[in-house]
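Subject: Structure handover

Hello,

Here is the structure we talked about. Please open it alongside this message; my notes follow below.

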Amino acid sequence: MPASDEEVEETLAENIAINNGWGPKEFLKDKNGKVTGVVFKKCLSVFDASGKFAPKYDENDTMEVEADYVITSIGQCIDWGGLLEGENMEFVHGNYPKADPFTYQTSVPDIFVGGDVYHGPSFVVNAIGEGHEAAESLHRFVRPTCSSLTLSREHRHFFEFDKLRRLRRRPGRLHRLRYLHHEVLLRRHPSRENASRSLEHGPV
């Protein structure tokens, strides 16, 4: 399953059962419309012969799980609709458009992108910073007197830290207590001020 060893370990420590290889089939509810459980169907395969995500299920092999509450979690992809009809847009993979990593200008000169629609899911602050840079490029593009999208601009590099390395904990430490302690520190920290600064300047 898409989780680190530490995440699996902590989940099991909370007495939460992990059932791999099942997909939701239907929600159950009582006469008042309140959810009472979920019916799952057995997953036979996740990808097709070409490697494309195309799960197959056995509709007759099911499992019912009682529940008072159900939290649904979904994956998302880009749906351009008719926005790019008639445009000669180049894509690097799937529906992600090819764009200049400095100006975020695509193969269609008057279309600029940034954030998840450019490189896939990442941090919100990265998307904010890229939005600022794309807006600057767009502003220059529409000005008749501006001949360059890059002149006198600082090229910012956005990179992601190693989440798995940061998740690894030292043996013998009370990880759960340490985690709760960090939560308290986060609430006391002036996070609102830091968030406002990020919104104003973007990541560095």
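Start with Tyr 104, which sits in the loop between β5 and α2. Its phi is positive, about 65°, although Tyr 104 is not a glycine. Most residues other than glycine have a negative phi. Tyr 104 is also buried: its relative accessible area is 3%, and the cut-off for buried is under 20%.

Keep in mind that this is a predicted model. The average pLDDT of the protein is 81, and 75% of the residues score at least 70. Over residues 177-184 the pLDDT drops below 50, and that stretch makes 3 contacts in the model beyond near neighbours in sequence.

**Overall layout**

The protein has 204 residues, of which 19% count as buried. Its secondary structure amounts to 6 helices and 5 strands. Read from the N terminus, the order is α-β-β-β-β-β-α-α-α-α-α. The exposed surface is about 16,000 Å², with 53% of it supplied by carbon and sulfur atoms. Take the contacts with a separation of 6 or more: 39% of them join residues 24 or more positions apart.

**The sheet**

Three strands make an open sheet, in the order β1-β2-β3, with antiparallel pairing. β1 (22-29) and β3 (53-66) are the edge strands; each has a single partner, so one side of each lacks a neighbour in the sheet. On average, neighbouring strands here are turned by 25° against each other, direction ignored.

Now the pairings. β1 and β2 (residues 35-47) are antiparallel and share 7 bridges. Glu 26 has Val 39 of β2 as its bridge partner. β2 and β3 also run antiparallel, joined by 9 bridges. There, Ser 45 stands opposite Lys 56 of β3. The hairpin of β2 and β3 has 5 residues between the strands, and Gly 51 in this hairpin takes a positive phi near 90°.

If you check side-chain directions, one general point helps. In a regular strand the side chains alternate between the two faces of the sheet.

**A second positive phi outside glycine**

Asn 15 has a positive phi too, near 60°, and is not a glycine. It is found in the loop between α1 (5-13) and β1. Is Asn 15 buried or exposed? Asn 15 counts as exposed, at 74% relative accessibility. Tyr 104, by contrast, is buried.

**Around α3**

Ser 137 belongs to helix α3 (residues 124-141). At 0% relative accessibility, Ser 137 counts as buried. What does Ser 137 touch, leaving aside its neighbours within four places in sequence? The contacts are Thr 103, Phe 112, Leu 149 and Arg 153.

Thr 150 is in the loop between α3 and α4 (163-167). It is partly exposed, with 36% relative accessible area. Residues up to four places away aside, Thr 150 touches Phe 102, Thr 103 and Arg 140. Thr 103 therefore turns up in the contacts of Ser 137 and of Thr 150, with contact taken as heavy atoms within 4.5 Å. Thr 150 and Glu 136 are 14 residues apart along the chain, and 9.5 Å separates their C-alpha atoms.

Gly 114 lies in the loop between β5 (96-97) and α2 (116-119). Its relative accessible area is 24%, so Gly 114 is partly exposed. Gly 114 and Ala 127 are 13 residues apart in sequence, with a C-alpha to C-alpha distance of 6.2 Å.

**Cysteines**

How many disulfides are there? The count is 0, where a disulfide needs a pair of cysteine sulfur atoms within 2.5 Å. Cys 43 counts as buried, at 16% relative accessibility. Cys 146 is partly exposed, with 24%.

**To check on your side**

- The phi values of Asn 15 and Tyr 104.
- The stretch 177-184, where the pLDDT is below 50.
- The contacts of Ser 137 and Thr 150.

Best wishes

Methods:
Residues numbered from 1 in each chain as written. Predicted model: local features only at pLDDT ≥ 70, side-chain atom pairs only at ≥ 80, totals over all residues. Heavy atoms only, no water. Pairing = 2+ DSSP bridges. Helix = DSSP H or I, 4+ residues; strand = E, 2+ residues; numbered from the N terminus. Axes fitted to C-alpha atoms, helices over the stretch in contact; angles between N-to-C directions. Buried < 20%, exposed > 50% of the residue type's maximum accessible area, 1.4 Å probe, protein only. Areas by Shrake-Rupley, 256 points an atom, 1.4 Å probe, with all protein chains shown as cover. pLDDT = per-residue confidence, 0-100.
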